[in-house]
Amino acid sequence: MLRVTLVVCVLLGALCVHASHAAAQDAPAASDDRACQEPAAAEAQQRAYALEAAIEPHVPAAARWWWLWFSGYLTAAVVQGVVAVAVEAPEWRWPSAVGAVSAALGAGAMLLSAVETHHLSDRVREVQPLTGVPRLRAVERLLAHAAEGEDEARTLFSHALGWGCALGEGLVLWLGFEQLFEGALSLAESIVVSEVQIATSPTSARELWRAHVALHPDAAACLRDEDESSALSPLPAPHLALVPAGLGVGLLLTF
């Protein structure tokens, strides 16, 4: 029965990936009618410096957010796992076991999170050997990608995934172990944690990107043109399959 929570989360994750894939395939081109006009090398270098300077102060806060949630989930998984093994009382053991599985999934989700703002400083340093227009466009791509990840973290699908995992926990405790009160409590706690995580997720990259595009519309136009020219083939469709796993089966999601 403990696998029910994992199955629910994986299935909902697959739905989210499928929806994101469909949106990526069907999204219309940007409405900006301005053509991509490359600035002079000196101006591009100056703009790159200004953009890098604007990015840097926001990265530590994003890193603190990521590490706080990742370490919190990891600690909760370990503590509840120890309680589940050490305590025999069912009113403590099974809620702790389900909570440990849920927290472990939360830690794994942080590793796969679309929010990558905390990596921006390192990635910007990797493109610093470039100069002029190539450097500017590289920094813009990094910022735009981080902004897209922040937007994705606040979509309806992110809320649905959190609520679905919480519902899975509650159903496991209620239907699997006949612990209705513990299931309702676990459901409420998980929903609150999920919503707080989403509400506190970083927004600095998307705010910086929007301000940069408002000041330099050619940034969005050039990024759009580059994305369109690189889209030579459709994105592969996500695929969910059953695979052998020990004495049972597991779910494999590819995308």
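Let's start with a single residue: Glu178 is exposed, with a relative accessible area of 72%. Glu178 sits in the loop that links helix H7 (156–177) to helix H8 (180–199). The backbone of Glu178 is worth a look as well, for its phi is near 55 degrees, a positive value in a residue other than glycine. Keep in mind as you explore that this is a predicted model.

**The chain as a whole**

Stepping back, the protein chain contains 10 helices and 2 strands. Following the sequence from its start, you pass through the helices and then reach the strands, in the pattern α-α-α-α-α-α-α-α-α-α-β-β. Of the 255 residues in the protein chain, 37% are buried. The accessible surface comes to about 14,500 Å², and carbon and sulfur atoms hold 67% of that area. What share of the contacts with a separation of 6 or more comes from residues 24 or more positions apart? In the protein chain, such residues account for 78% of those contacts.

**How confident is the prediction?**

The mean pLDDT of the protein chain is 83, and 75% of its residues reach 70 or more. Confidence varies from element to element, and helix H1 and helix H3 mark the lowest and the highest mean values. Here are these two helices side by side:

| Helix | Residues | Mean pLDDT |
|---|---|---|
| H1 | residues 3–26 | 45 (lowest) |
| H3 | residues 59–86 | 97 (highest) |

Two stretches of the chain deserve a careful eye. Over residues 1–8 the pLDDT stays under 50, and the model gives this stretch 22 contacts beyond four places in sequence. Over residues 10–33 the pLDDT is below 50 too, and here the model has 31 contacts beyond near neighbours in sequence.

**A closer look at helix H2**

Helix H2 (residues 41–55) is a nice element to trace by eye. Its 15 residues reach 21 Å from the first C-alpha to the last, close to the 21 Å expected at 1.5 Å a residue. Which residues of H2 are buried? They are Ala44, Gln45, Arg47, Ala48, Leu51, Glu52 and Ile55. Viewed down the axis of H2, these buried residues fall within an arc of 165 degrees, so they line one face of the helix. The general rule behind such a pattern is that an α-helix has 3.6 residues a turn, so residues three or four places apart point the same way. On the face of H2 turned away from its buried side, you will find the exposed residues Ala42, Gln46 and Ala53.

Technical notes
Residues are numbered from 1 along each chain as its sequence is written. This is a predicted model: local features need pLDDT of at least 70, side-chain atom pairs count only at pLDDT 80 or more; totals for chains, interfaces and linings use all residues. Side-chain values use heavy atoms; hydrogens and water are left out. Helices (H or I, at least four residues) and strands (E, at least two) are DSSP runs, numbered from the N terminus. Buried means under 20% relative accessible area, exposed over 50%, partly exposed in between (1.4 Å probe, protein chains only). Contact means heavy atoms within 4.5 Å. Accessible areas come from the Shrake-Rupley method with a 1.4 Å probe; for residues, only the protein chains shown count as cover. pLDDT is the predictor's confidence in each residue, from 0 to 100. The expected span of a helix is 1.5 Å times one less than its number of residues. The arc is that of the directions from the helix axis to the C-beta atoms.
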